[in-house]
Amino acid sequence: MKYLSRISLVGLLLMTLTAFSVGAQTEITGTVTSQEDNEPLIGATILIEGTARGTATDIDGTFSLQASQGDVLIFSYTGMKDVRMTVGAQTTINVVMQAEGVLIDEVVVTGYGNQLRSTYTGAAVSAPVERIAQLPRASFTESLQGNVAGLQVNQGSGQPGAFQNIRIRGLGSINAGTNPLYVIDGIPVINENIGNESTTSTPLSGLNPQDIADIQVLKDASATSIYGSRAANGVIIITTKQGKSGAARVSANVQTGISNVSLADELRPLNTAEYVELMREGLINAGRAENVSEADAIIDDNLDRSIDTDWFDAITRQGNFTNANLSISGGNDKTRYFVSGGYQENQGTIIGTDFERLSGRLNLTTEMTDWLEVDTRISLSHTTQNTVADAGAFANPVRSIFRFVPTQPVYNADGSFNTNINAGFNPVGEALLNTDVSEITNLLAAVNARIDLPFVDGLTYEPYFSINRVMGEDETFFNPAFGTGASRNGYGENDFDIRNNWIVRNLIKYTSLINDTHGVDVTLGHEAQKFTTHSVETLVGNFAFPNLTTLDNGSNPEAISGFKTENTIESYFLNANYNYKGLFYVNGTVRRDGSSRFGSNERYGTFWSAGLGVNLHRFEFMESNALISMLRVRASYGVNGNQEIGNFDSRGLYDTGQDYNGEGGIVLSDLENANLTWEVNKPFNLGIEVGLWNDRVVLITDIYSRRTSDLLFNRPVSAINGVTSVLSNIGELENRGVEFQLNTLNLSSSEPGGFQWQTNFNITFNTNEVISLPEGDFADGVRFRAVGNPWSTWYMRGYAGVDAQTGAPLWYTDETETETTTSYAQAGLYQQGTSEPDFFGGFTNVISYKGFSLSAQLNFDWGRKIRHNWSSFTHTDGARGFSTTGNLARSIYERRWQQPGDITDTPQFVFGNNTNSGSTSTRFLYDGSYISLRDLTLSYNLPSSLTQRMRLQNLRLFVSGSNLWIYVKDDRLERDPRTDAGGAIDQEIPIPKTFTFGLDISF
């Protein structure tokens, strides 16, 4: 799109040379750039109105033209709005051009080739890379939330650099992998959590968002089936930046900011006065004291009321964020390069948490001859993530915020840490003096060649080789002064993981346009992939000095273990695309995968897809339609697989290292299943794309179903051999849904730099249903799994509130919710909704004027039920007594029943209460619906008249905020509703509120 044909260029030059000029003329020079990315537009035409004289921009976007004062210059470029400029006394005119509509015929990157969206049958969405690069987050995956229809980011933790659980079109598996496949520059990369100690580390956080040029999310069979057994949960394709022909361009980016805990007021624990008030009231209600004086006497015997510790302030802090990047790109007609380096430091809002990344990249494309092009891409990153214990661990500082009573100090009078609390686990000391660090070194290297084969036009051979090598190290040390370390006089652990992912690929491609009518694109390929893992884990105790934490300083080796494993995939595939005059287009893909993970009888599987599309707006009967500028219908169906299981799940295995009467021995651990095979995913998709008023309004609707069969479950077997189950293919699961994506150009001025307002909105409705299950009872007191229900259905007692006369808790006797009981044991278990949302999405507005730009994104997630996993400790209504970890939730203080007639959902506070009011029920099941102001960015691009004087191409200043505001529907909820995929509040690090200031500069 950025190049004129040679004929057009020659024609323009001839017109310029032969035109007859009148009047005094001067030479007008300048540049033409795109407003979207500030890149030069090559081949933009400049004509003098009313004449045949004109020119075109060169490879740097510059032009030169003889013109007179009063002449009107018309700047034109395909896909951009024309710009008219009147020549005055100036000799330099720089023009920034805006896109004509909100959706142009962009390129869809599939990982094995590229296609125009207008002839693509699959469901693929481009994420807004230009916005993602600005955001103050360690991983680009966090910023996908709300930007892609059908894609749900479950951000359960505010740990900087944390692994994000992403689902595309719902839950596709129960016991196999559920995360999408990530492909970076053609490499299907390692993306799971690395290491044995940290639960949040991931190699994906090593990718610098500033290096990303394009992100494509592939969702249906037509888009993903070429990836075969790796594509059941969708594919996210990342393409990094490349150099462009022209002079070297240097770009620098600096961001710095601060962060604080979001929802801080809601998270504040009780202070001493509030806590003592509850204890006093509870003692009187329990009959242990007749009046306030007696109650205070008991309290003074057990608590020191002079101490008022704010554990929230002791454990949280103001975090900070620094990000710096430098890149150089350029090249000539033969060689193009992009070199970058980046550094990020992100200090978390909980003491002991932070993240650091160093990254470097070299992308080099060389046209060796007119028939050979070689593309080399190498990146290396090193991340360091300091973490703290999570969930119910005694050393988890977040747990301590809500559990520790305010009458316990952080420090003793002599300045030492208070260990007379929480079984010796002082959260501040644990966070500051223990070590829990995860380091990941991630190498991505790929070499791809394109060889034009002789004798047949459009026939190419593309060999490809890549390696993804991930080296992870977890280092843990527990100080002997606290908790775990105290019982062992210091305790250290080191884990080392080395993972290699090798790929060799060979493609033969044929592309042809026959008689300007029949477009043919065929890819035939072979691919071999091998994964290897080497892991070593070592534990040592009894350290002589607490500040010497390497393992050789411990005298008691406690354990050492290690393993090596590997798995392989070999594949053959064929992809064919055909279009007729751009009116009809069809796609077909077939892939044969062989995986070492599956049973000997089912080692190979065949996966395929077929797609059909019609560009109705290109038919003659639509050409004169002034309203509808685009009308496209597409449909696809296919089969792909899920091979994300253990390497040896199909094998009969014996465990070694067993002790048998003092001698080494083995024991049967797994039964063989030679018929174990892929979980099979069968997606259907129907898409309709409508553009109105020259694509100023674009609505994309996708209706889909996604059925997964041959689900993996452990099937019970006789325990005669000591093994009670064997992994088998049993069961089906289905997701059905509708996605809407609406892009509008609401207002747009024809003047350069004029007012423009653009809106992007997406919403997804998804329903999950169990189609079949193996025999057995899947109800466990928390979840209910049955045919016809969503897999994530909650199952527990229904809480009916409080008896207004007595303050006693009530529960429903059954699902009719017509009768209540004060006996928890007599309350009925029944279904209580699901942790899947009814709908989710995002709403983004971008307003720009005279170099200023304001971008605001709202995210929403509506209708899901979320559960507080630890409510039995924080909502006991008095059962914990004077326990040092017995602080109460703020709702107990603010909402408790106090006298007959009180209407509330919180029972009477009774010291030593044993009414089971804190037990599992819908009292702690919340409506997790929310709307959040996810990102807000204000930026200013200096005008070109100033940047040219400074000898710069571009200078941009911006300020942004993330998680600035959130509306939570359920006013009972005292935590952030943005949980993990399971919908559980699990004492995670809170998601931060962040303010960032930044500078982008290029020259």
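Two strands pair if DSSP finds at least two bridges between them. Helices (H or I, at least four residues) and strands (E, at least two) are DSSP runs, numbered from the N terminus.

The model is predicted: local features need pLDDT of at least 70, side-chain atom pairs count only at pLDDT 80 or more, and totals for chains, interfaces and linings use all residues. Residues are numbered from 1 along each chain as its sequence is written, and side-chain values use heavy atoms, with hydrogens and water left out.

**Exercise 1. Trace the pairing of β43, β44 and β47.**

Step 1. Start with β43 (residues 839–849) and β44 (residues 852–862). They run antiparallel and are joined by 11 bridges.

Step 2. Find the turn. β43 and β44 make a hairpin with two residues between them. K850 sits in that turn, with a positive phi of about 50 degrees.

Step 3. Pick a residue pair. S848 has S853 in β44 as its bridge partner.

Step 4. Move on to β47. It runs antiparallel to β44, with 10 bridges between the two. Here S853 stands opposite S939 of β47.

**Exercise 2. Lay out the sheet that contains β1, and find its edges.**

Step 1. Write the order. The sheet is open and has three strands, β4-β1-β7, with mixed pairing.

Step 2. Mark the edges. β4 (62–67) and β7 (95–97) each have a single partner strand, so one side of each is left without a neighbour in the sheet.

Step 3. Add the twist. From one strand to the next it averages 30 degrees. Axes are lines fitted to C-alpha atoms, for helices over the stretch in contact, and angles run from 0 to 180 degrees between N-to-C directions.

Step 4. Check one pairing. β1 (residues 26–34) and β4 run antiparallel, joined by six bridges. I28 faces L65 of β4.

**Exercise 3. Do the same for the sheet that contains β13.**

Step 1. Write the order. This open sheet has five strands, β10-β15-β16-β13-β14, and its pairing is mixed.

Step 2. Mark the edges. β10 (124–126) and β14 each pair on one side only.

Step 3. Check one pairing. Two bridges join β13 to β14, and the strands run antiparallel. I184 has I187 in β14 as its bridge partner.

**Exercise 4. Which residues have the most contacts inside the largest nonpolar core?**

Step 1. Set the rules. A nonpolar core is a set of buried Ala, Val, Leu, Ile, Met, Phe, Trp, Tyr and Cys residues joined through side-chain atoms within 4.5 Å. Buried means under 20% relative accessible area, exposed over 50%, partly exposed in between (1.4 Å probe, protein chains only).

Step 2. Name the residues. The largest core has 26 residues, and F140, L144, L151, I215, I236 and I238 have the most contacts inside it.

Step 3. Name the suppliers. Elements giving at least two residues each include α2, β11, β12 (165–168), β16 (235–240) and β22 (435–452). β15 gives the largest share, three residues.

Step 4. Put this in context. In soluble globular proteins, nonpolar side chains tend to be buried together.

**Exercise 5. Locate the salt bridges below, and say whether their residues are buried or exposed.**

Step 1. Apply the cut-off. A salt bridge is a side-chain nitrogen of Lys or Arg within 4 Å of a carboxyl oxygen of Asp or Glu. The count by this rule is 43.

Step 2. Take D935 and R137. Their salt bridge has an N to O distance of 2.7 Å. D935 is in β47 (residues 930–941) and R137 in the loop between α2 (129–132) and β11 (151–154), 798 residues apart. D935 is buried at 7% relative accessible area. R137 is buried too, at 7%.

Step 3. Take D185 and R361. Their closest N and O atoms are 3.5 Å apart. D185 lies in the loop between β13 (181–184) and β14 (187–188), and R361 in β20 (residues 354–369), so the pair ties together parts 176 residues apart in sequence. Both D185 and R361 are buried.

Step 4. Take E462 and K509. Their closest N and O atoms are 3.5 Å apart. E462 belongs to β23 (residues 459–478) and K509 to β24, 47 residues apart. Both E462 and K509 are buried.

Step 5. Look for a network. Salt bridges with shared partners join D185, D211, R361, D375 and R377.
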